[in-house]
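Student: I'd like a close look at one part of this protein, starting with a charged side chain and how it is paired. Please take me on from there to the surroundings, step by step.

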Amino acid sequence: MTDQKLIDEVGKYIDKYYEPIKDDIKMDKEMLSIFDEITRLRKKRAEEKALQEQQIQESSQIEESEPEEFDVSTMQKTKIQKGMSSTLSVNRKIDNLMDQLEETFSQRLLRMIDERGMTDSEAYTKAYVDRRHFSKIRKDVNYVPNKKTVLAFTIALELSLDEAKDLLASAGFALSRSSKTDIIVAYFLQNKIYDMFEINDVLDAYGQPVF
């Protein structure tokens, strides 16, 4: 039988020295400071881009020309996606939440796509996911893609930070402070910015793989 005194001593030692790994990204002072740094980077890159465009415009002669032809399919996609998160009302009633507790990643993802009135193709195209890969997710209820794919869907579906955490958890993942990619994606989700081009630009600026 283990000596109770020893158990108590070990317990005191754990209480004194144990620090849980800071995996979950929460909006504390430290994380807000990191987000401020990303905001400054975005502002700097936007100013650089505007300056480049101005220099190009000044160095070339302005000529009268016919209006550019727009890609109708691209316009339609933009119309579908713009402002989705701010206008979407997600039902969070207790009964629905109870039903969602045992959802697999595949079930949760497909439900979220339907709730947002998106088609499958709109969702996987915006997430830069291959059609065959998405087909595997749809057909196999227990299939789990890699974390990067799940993160891409959190952006494509314009999820809130909490919704993103739920989707990640259903696939066995979490947003981690030890990952620059996770922190950057969390920043954009927290600020409801779902522009994949800008997200990739910031990821690249921090030396992280892009989507």
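Tutor: Let's start with E115, which counts as partly exposed at 33% relative accessibility. Here, buried means under 20% relative accessible area, exposed means over 50%, and partly exposed is in between (1.4 Å probe, protein chains only). Before going on, keep in mind that this is a predicted model, in which local features need pLDDT of at least 70 and side-chain atom pairs count only at pLDDT 80 or more, while totals for chains, interfaces and linings use all residues. Residues are numbered from 1 along each chain as its sequence is written, and side-chain values use heavy atoms, with hydrogens and water left out.

E115 has a salt-bridge partner, R116, and their closest N and O atoms are 3.7 Å apart. The term salt bridge is used for a side-chain nitrogen of Lys or Arg within 4 Å of a carboxyl oxygen of Asp or Glu. Unlike the partly exposed E115, R116 is buried, with a relative accessible area of 9%. This pair belongs to something wider: salt bridges that share partners join E103, R108, R111, E115, R116 and E163 into one network. Within that group, R108 and E103 meet through their side chains at 3.7 Å, N to O. R108 counts as buried at 9% relative accessibility, and E103 is buried too, at 15%.

The structure holds 12 salt bridges. Another of them pairs D201 with R45, with 2.7 Å between the closest N and O atoms. D201 sits in helix α12 and R45 in helix α2, so this pair ties together parts that are 156 residues apart in sequence. (Helices, H or I with at least four residues, and strands, E with at least two, are DSSP runs numbered from the N terminus.) D201 is partly exposed at 30%, and R45 is partly exposed at 27%.

Now for the nonpolar side chains. The largest nonpolar core has 45 residues, and F105, L109, F134, F153, L157, L167 and F211 have the most contacts inside it. Such a core is a set of buried Ala, Val, Leu, Ile, Met, Phe, Trp, Tyr and Cys residues joined through side-chain atoms within 4.5 Å. Several elements give two or more residues to this core, among them α2 (29-59), α6 (105-115) and α11 (180-190). With 7 residues, α11 gives the most. Beyond its neighbours within four places in sequence, F153 is in contact (heavy atoms within 4.5 Å) with residues including F105, L109, Y124, F134 and L167.

Two of those partners of F153, Y124 and F134, bring us to the rings. There are 4 aromatic pairs in the whole structure. Rings of Phe, Tyr and Trp (its six-membered ring) pair if their centres lie within 6.5 Å; planes under 30 degrees apart count as stacked, over 60 as edge-to-face, and the rest as tilted. Y124 and F134 make a tilted pair, at 5.3 Å centre to centre and 40 degrees between the planes. Y124 lies in helix α7 and F134 in helix α8, so their pairing links parts 10 residues apart in sequence. Y124 is buried at 15%, as is F134 at 3%. Y187 and F188 form an edge-to-face pair, 5.2 Å between centres with planes at 85 degrees. Both are buried, Y187 at 2% and F188 at 1%. Together with F35, Y187 and F188 make up one aromatic cluster.
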